[in-house]
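Reader: Could you zoom in on a single part of this one and talk me through it? An informal tour is fine.

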Amino acid sequence: RQIEQREQLKRDVPLLTANQWRQLSGNLGKNPSAALGKYKANGRLFAVPAGRRYLYPQFQFSEEDGRPKEALTAVLRMVPEAARGWPLLSWFNAPNAFLAGRKPLEVIDVDPEGVAAAAGHFYGRDD
């Protein structure tokens, strides 16, 4: 069942490899995985494991320059490290009662505070 859920998420949510992100962002560095790893370590984005690599949900990145959206930082503060990855992607892709039934990934650009509050409520954090 977990495999089916992950496959559905892969169909529903655009995911990027590190090399695809490099093209999106124009990052000319030799190791895009290292740059993404720094963003992840600094709580600016999350990734989902896929075999020996990570995939990065595209909604996290600015369309202008490929950098992580600032709104994600506040959301990730609400989410325990152990809940990041596939469970968090599932949360972002599910309709949320605190967002009037909208999916967090659909409204993070227009209501970042609401998405952070919804994450805090779901994950039991109010800081």
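Author: Here's a close look at R102 and its surroundings, with a short stop at the largest pocket afterwards. This is a predicted model, where local features need pLDDT of at least 70, side-chain atom pairs count only at pLDDT 80 or more, and totals for chains, interfaces and linings use all residues. Residues are numbered from 1 along each chain as its sequence is written, and side-chain values use heavy atoms, with hydrogens and water left out.

R102 sits in the loop between α5 (86-92) and α6 (104-107); helices here are DSSP runs of H or I, at least four residues, numbered from the N terminus. R102 counts as partly exposed because its relative accessibility is 33%, and that class runs between buried (under 20%) and exposed (over 50%), using a 1.4 Å probe and protein chains only.

Who does R102 touch, once neighbours within four places in sequence are set aside? Its contacts (heavy atoms within 4.5 Å) are A94, P95, N96, V107 and D111. Besides those, a polar atom of the R102 side chain lies 2.7 Å from the backbone oxygen of L99. As for A34, that residue is 68 places from R102 in sequence and 33 Å away in space, C-alpha to C-alpha.

Now the pocket. Among the residues lining the largest pocket are R6, D12, W86 and N93. Two elements, α1 (2-12) and α5, each give two or more residues to that lining, with α1 providing the largest share, 6 residues.

Technical notes: A polar contact is a pair of N or O atoms within 3.5 Å; within protein, one must be able to donate a hydrogen and the other to accept it, and residues adjacent in sequence count only if both atoms are side-chain atoms. On a 1 Å grid over the protein atoms alone, a cavity is a set of points where a 1.4 Å probe fits but cannot get out, and a pocket is an open set with protein on both sides within 12 Å along at least five of seven lines; lining residues have an atom within 4 Å of a point.
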